[in-house]
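This report introduces a structure to a reader who has not met it before. The sequence and the model are shown first, and the description follows.

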Amino acid sequence: MSVLSDRSLRRLGRWSFSGLALAIFAFLILPLVCVIWVAFFANKIVSFPPEGYTIDWFKNALAVASFRDGFLLSLRVSALASLSALALGIPAALLIGRRQFPGRSAIMGLLMSPLVVPGIVGGAAIYMFFIEWEVATEIQMAATLPGLMIAHTVIAVPWTMRVMVASLVSLDPALEEASMNLGANRWVTLFKVVLPVARPAIVAAALLSFVISFIDLELSLFLVGPGRTTLPIAIVSYLQWTLDPTICAVATIQIVLIGSMLLIADRFVSISKAF
Amino acid sequence: MGAASSSSLASGAAVGASRTRSAAGRRVGAEYLMPAPGMLLVALFLLLPLALMLRFSFDHFSPGELLTGAFTFENYQKFFSDGFYQRVLGTTVFVSLVTTALCLVMALPLSYYISRLDHPRLKSTLIILVVLPLLMGNAVRTAGWMVMLGDRGVVNSIFVALGFSARTILYTPTAVIIGLTSVLLPFMVITLQSVMEGIDRRIEEAALNLGAGPLTTFMKVVIPLAMPGIVAGTVLCLILSMNAYATPVLIGGPKFHMMAPTIYDQVTQGANWPFGSALAFVLMTVTVILTIASSLVIARMSNR
Amino acid sequence: MSTVVLQNIEKRYGEHIAVSDFNLSIGQGELVALLGPSGCGKTTTLRMVAGFVDATAGSITFGDRDVTLLAPYHRNTGMVFQSYALFPHLNVAENVAFGLRRRGVSRADIEKRVAVALDRVRLGALKDRMPKNLSGGQQQRVALARALVIEPDVLLLDEPLSNLDAKLREEMRVEIRQIQQSLGLTTIFVTHDQEEALSVADRLVVMNVGRIEQIGTPFELYEKPGTEFVATFIGGANILKGRSEGAVFVLADGTRLPLAGGDKPCSVLGIRPERITITAGRAAALGADTCSLVGKIAVRTYLGAVVEYIVTLASGETLRVREQGRGSAHDLPKPGDAVTLTWPAAASIRL
Ligand SMILES: Nc1ncnc2c1ncn2[C@@H]1O[C@H](COP(=O)(O)OP(=O)(O)OP(=O)(O)O)[C@@H](O)[C@H]1O
Ligand SMILES: [Mg+2]
C-alpha cells in the first residue's frame with residue numbers, strides 16, 4: 001500500500017497544475033498591476049516597499065504638456081480613425097459577410113493585409129510615401145493629423161472587418177428574406193433589419209478600432225511631428241530618460257480608459273473572438 | 001387586401017415589370033462595389049507605399065536626394081558585408097526564437113487550464129484578463145516590466161528582502177526576453193485556448209480510460225490535437241517578436257540592438273531610405289523563412 | 001386572396017435543373033401541399049413564388065397580376081420561414097407591424113390589425129415580449145401572425161413545423177388549417193412529412209427530382225397513385241414486378257395473381273401493407289378474386305397499435321405487412337414462421 005491513495009495523488013496533481021497555470025497568469029498580469037501600484041507611491045524614486053501613498057502624481061501627469069497634448073491628440077486621431085474604419089469596413093463587411101462570390105477571399109485578404117505588415121515596416125513605408133507625396137503635390141501629410149488619421153484607419157479596418165464579418169456571417173439570411181417578403185426593399189431592409197440586428201457588433205467594432213488606434217506605437221512613430229505626439233509615443237520618449245510615479249500615473253490613466261472601453265465592448269461581442 | 005397595401009403594391013408592380021427577367025429584386029453589380037473604398041485605402045496607403053519601399057531598397061543613397069532612379073544591389077551588399085548589421089539580425093533571430101519557445105511552454109499549461117475550467121464566469125474573466133494586457137499597448141506594458149526589473153524594482157526588492165544582493169537586470173538581453181515573452185504570451189494563450197476549447201473532452205476521457213495518465217494524455221492526445229493552434233501561435237509570436245520595437249528600446253537600453261529600432265533610426269535619423277528599406281525587406285524575408293521553417297519543425301516533431 | 005397559377009416554371013442552376021415543367025393552378029382559398037423527398041425542388045418552387053429565386057422560364061400569376069418579374073417586396077406574399085426569421089431586435093407587436101409599416105398603414109390601423117392578428121394566434125398577452133424569450137411554438141405563431149396581417153395574396157409555408165416537437169407539430173398543424181380555412185387563404189405548404197401533407201391539404205403535389213409526379217386530393221393520391229414513385233413515397237406500398245395477361249398478373253417466378261377492374265395492361269403492382277392479411281401456415285380455400293403468396297417472416301416489429309412484419313417470399317423479394325394488434329403476444333407469428341399473405345384482388349394497384 002502506498003502512503004497516498006490514487007485519489008489524493010490526483011488531487012495533489014490537480015492543485016499543482018492549477019498553481020502552475022495561475023503563476024503563469026500572474027507573469028502576464030503583474031507588470032500592469034505594479035504600474036498601477038507605483039502610480040500611488042509617495043516616494044518620487046521608485047523603490048519597494050513604498051514610503052506611503054498619494055494621488056499627487058495624477059495631477060502632475062496632467063500638468064506635463066506632452067502627456068496632456070498627447071492624450072488629446074490620441075483621442076482625436078482614434079475617434080476619427082475608428083469612425084472612418086467603420087465607414088469603410090461596414091459596407092465591405094455587408095458584402096463579404098452575406099454573399100458568396102468568386103474573389104471574396106481575395107477581397108477579404110486585401111482588407112486584412114494591414115494585420116500582417118509589421119508596424120515598423122508599414123510605418124516606414126507610409127512615411128516615405130507621404131514625403132514623396134509632399135514633394136510631388138506640395139500637400140503635407142507626414143506629421144499632420146490627416147496623415148496620422150489615414151494611417152490609423154488602415155490598421156483599424158481589419159479589426160472592424162473581423163468583428164463585423166463574424167457577426168454578419170451568423171446572421172440568418174431568412175431575416176432579410178422575411179423583411180423583403182413583408183414589403184421592404186433592399187435599402188429599408190438594410191436600415192431596418194440588418195444594421196439594427198448587427199448593432200452590438202458595430203459598437204464592439206467601433207470600440208475595438210478605437211483601442212487599436214489609441215495604443216499604436218510603431219506606425220505612429222514615423223508620422224508624428226514636433227509638438228504633435230500621440231500618448232504612447234510621449235510615454236516611450238519619457239521612459240527613455242526617467243521611470244517615476246508620474247509616468248506610472250499616465251500609464252494608469254491609459255489602462256483605465258482602454259480597460260473600460262474593452263469591458264464595454266465585451267458586453268456586446270466577445271472580444272477574444274476577434275483574435 | 002387592405003386599401004393602403006394595394007395602392008403601394010400597384011405602383012411597385014409598374015416599376016418592377018419594366019425590368020428584365022434577372023432583375024426580380026436583385027440589382028446585381030452595385031453591391032459588389034461596397035468594399036471598394038476600403039480596398040482603395042489599403043491599396044493606396046499601404047500596398048503602394050510598400051511597393052515604393054521595395055523600389056527604394058534598390059536605389060542609390062545620396063544624402064539630400066529622394067529617389068535617384070538608380071538600380072543597384074548596394075544596399076543589400078552593405079547589409080551582407082557589414083558585421084554589425086548581421087549581428088543585429090542575429091540578436092533579433094535569437095531573441096525571437098527564445099521568446100517564442102518560452103511563450104509556447106508557458107501558454108500550453110495556461111491555455112489548457114483555461115479551456116478546461118468548469119466555472120463559466122471564472123473562465124470568461126480569465127480570458128478577458130488575458131486579452132486586456134494585449135490591448136493596453138506596448139508602451140504601457142513595457143513600463144510595467146521596467147518597474148518590475150529596475151535596479152530598485154520589484155524583483156530586486158524581493159532579492160534584497162531574501163538576503164541576496166541586488167543585481168542589474170534591466171538593459172540585459174535576459175530582460176528583453178522576459179519583457180517580450182510577457183508582451184506576446186497573450187497571443188499564444190488566446191490562439192491555443194480557442195483550439196483546445198474545440199478538443200472534445202471525451203477524447204481525453206477515452207485516453208484516461210485506456211490507462212494513460214494525465215500527463216501522458218496531455219502530451220500524446222491534447223498537444224497533437226492542438227497542433228494547428230501551436231503552429232498559428234508560433235508563427236504569430238515569431239512575426240511580432242522579430243518586429244518588436246518598444247521592448248528592445250526601453251528594456252534593452254541604448255546599447256542593445258534589434259532590427260526594428262535599427263530600421264527606424266536608418267529611415268528617420270540617418271535619413272538613409274535605401275538602406276533602411278533594404279533592412280526592412282531583409283527583416284521580412286528572414287521572418288517569412290523563420291516562420292516556414294518553424295512550422296515544418298513543429299510538424300515534424302508532432303509526427304513522431 | 002386570389003388564385004395562383006404557375007405555368008411551365010423552370011429553374012436551372014447552370015447545368016443543374018432544380019425544377020422543370022412545373023404547372024399548377026391553385027384555387028382561391030385552397031391549401032396545396034408540395035411533398036417530395038429532400039432535394040426534389042420544393043423550397044425552390046416556393047421561393048420562386050415568393051420572388052427570392054428567379055424562374056429561368058415560365059410565368060407566375062396571382063389572380064390577374066403577373067408577378068413573374070416582380071421583386072419579392074412587390075409581390076404581397078406572406079411567408080412563414082422554417083427558422084421563423086423573427087426580427088430579434090423587435091418585440092412581438094413590432095415584428096407583426098413590420099409589413100404594415102412598409103405599406104404606409106396609419107398608426108391607429110396598425111395597432112388594431114396587429115391586435116387582431118395576435119388574438120387570432122392566441123398571443124395577445126405576449127405582444128411586448130422579445131422573440132428570444134418565446135418558446136418555439138410561440139415564435140411559430142408570431143411568424144404566422146406576421147405573415148397573415150398583411151393580407152397576402154398567397155400564404156407560403158416552408159416546412160413551418162419541422163422545428164417543433166411531435167405533439168406541438170400536430171397542434172399547430174390543426175391551428176394553421178383552421179385559420180387558413182376561416183380566412184379563406186390561398187396557401188402553399190411545403191413539407192416532406194407525408195402524414196402532415198395528407199392531413200392538412202386540399203390537394204397534394206408530389207414532386208421528384210424537380211418534376212411533378214402527380215397532383216391530387218389526399219384520397220386520390222393514396223388510393224389511386226399514378227406512378228410507382230407516388231405509391232411507395234406515400235404510404236410505402238409494396239411493389240411486385242411482372243406482366244399482366246388479361247385479368248391475371250404473372251410474377252417473374254410464374255405465380256399468378258388475379259386482377260380486378262378491367263384488363264388495362266401493366267407491369268407493376270402496388271399493394272398497401274395494411275391491406276394484406278397474414279395467416280400462419282398454408283391458407284385454406286381461397287376465393288377466385290383473392291391474391292395469395294407464401295413466405296417466411298424475417299422481421300417482426302411490435303409498434304403498439306400495429307405489428308409490422310417483413311416477409312421474405314420464395315423468390316427472395318420482401319413485402320411489408322401491417323396488422324392491427326391482437327391483444328395477445330402468443331398467437332402472433334414469429335420470425336422464421338412460414339406464412340401465407342392474402343389480399344383482395346381489388347387492393348392491388350396497377351402502376
Ligand atoms: N443556390 C443553388 N445553387 C445550386 N443548386 C441549388 C441551389 N439551391 C438549390 N439547389 C439545388 O436544387 C435542388 C432543389 O433544392 P430545394 O432546396 O428546392 O429542395 P427541397 O425539395 O426543398 O429539399 P429539402 O426537403 O431538403 O428542403 C437541389 O438539388 C439543390 O441542390
Ligand atoms: Mg426545402
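## Aromatic pairs and the contact of chains A and B

A:Phe191 has a relative accessibility of 51% and counts as exposed (exposed means over 50% relative accessible area, buried under 20% and partly exposed in between, with a 1.4 Å probe and protein chains only). The model is predicted, and local features need pLDDT of at least 70, side-chain atom pairs count only at pLDDT 80 or more, while totals for chains, interfaces and linings use all residues. Residues are numbered from 1 along each chain as its sequence is written, chains are lettered from A and ligands numbered from 1 in the order in which they are written, and side-chain values use heavy atoms, with hydrogens and water left out.

A search of the whole structure finds 33 aromatic pairs over all chains. Rings of Phe, Tyr and Trp (for Trp, its six-membered ring) pair if their centres lie within 6.5 Å; planes under 30 degrees apart count as stacked, over 60 as edge-to-face and the rest as tilted. One of the pairs is edge-to-face, formed by A:Phe17 and B:Tyr113 with 6.2 Å centre to centre and 65° between the planes. This pair crosses between chains, joining helix α1 (residues 6–38) of chain A, which holds A:Phe17, to helix α4 (residues 83–115) of chain B, which holds B:Tyr113. Helices (H or I, at least four residues) and strands (E, at least two) are DSSP runs, numbered from the N terminus. A:Phe17 is partly exposed, at a relative accessible area of 27%, and B:Tyr113 is buried, at 14%.

A:Phe191 belongs to a pair with A:Trp187 that is stacked, with 6.1 Å centre to centre and 15° between the planes. These two residues are four apart in helix α8 (residues 186–197) of chain A, so about one helical turn separates them. A:Trp187 counts as exposed, with 58% relative accessibility. Ring pairs also link residues of chains A and B into a cluster made of A:Tyr127, A:Phe222, B:Phe56, B:Tyr245, B:Tyr264 and B:Trp273.

How many residues of chain B are in contact with chain A? The number is 75, and they are in contact with 80 residues of chain A (contact means heavy atoms within 4.5 Å). The two chains bury about 7,200 Å² between them, and 85% of this area is on carbon and sulfur atoms. Buried area is the accessible area (1.4 Å probe) that two parts lose on being put together, summed over both. B:Phe45, B:Leu135 and B:Met136 supply 10% of the area that chain B buries against chain A, more than any other three residues.

The rule finds one salt bridge across this interface (a side-chain nitrogen of Lys or Arg within 4 Å of a carboxyl oxygen of Asp or Glu). B:Glu31 forms a salt bridge with A:Arg99, and their closest N and O atoms are 2.9 Å apart. On the side of chain B that touches chain A, helix α2 (residues 36–57) of chain B gives the most, with 15 residues. By class, that side has 59 nonpolar, twelve polar and four charged residues. Here Ala, Val, Leu, Ile, Met, Phe, Trp, Tyr, Cys and Pro count as nonpolar, Asp, Glu, Lys and Arg as charged, and the others, Gly among them, as polar.

## Chain C

The secondary structure of chain C comes to eight helices and 20 strands. Its C-alpha atoms fill a box of roughly 80 × 45 × 35 Å, taken along the principal axes. Chain C has 351 residues, of which 51% count as buried. Among its contacts between residues at least 6 apart in sequence, 65% join residues at least 24 apart.

Three residues of chain C are set out below.

| Residue | Location in chain C | Relative accessibility |
|---|---|---|
| C:Asn8 | strand β1 (residues 4–13) | 45%, partly exposed |
| C:Ala18 | strand β2 (residues 16–26) | 9%, buried |
| C:Glu159 | loop between β7 (154–158) and α5 (166–183) | 11%, buried |

C:Asn8 has a phi near 50°, a positive value in a residue other than glycine. For C:Glu159, also a residue other than glycine, phi is positive and near 40°. C:Ala18 touches C:Lys11, C:Tyr13, C:Cys40, C:Gly41, C:Thr44 and C:Gly210, not counting residues up to four places away in sequence. The C-alpha atoms of C:Ala18 and C:Thr227 are separated by 21 Å, the two residues being 209 residues apart along the chain.
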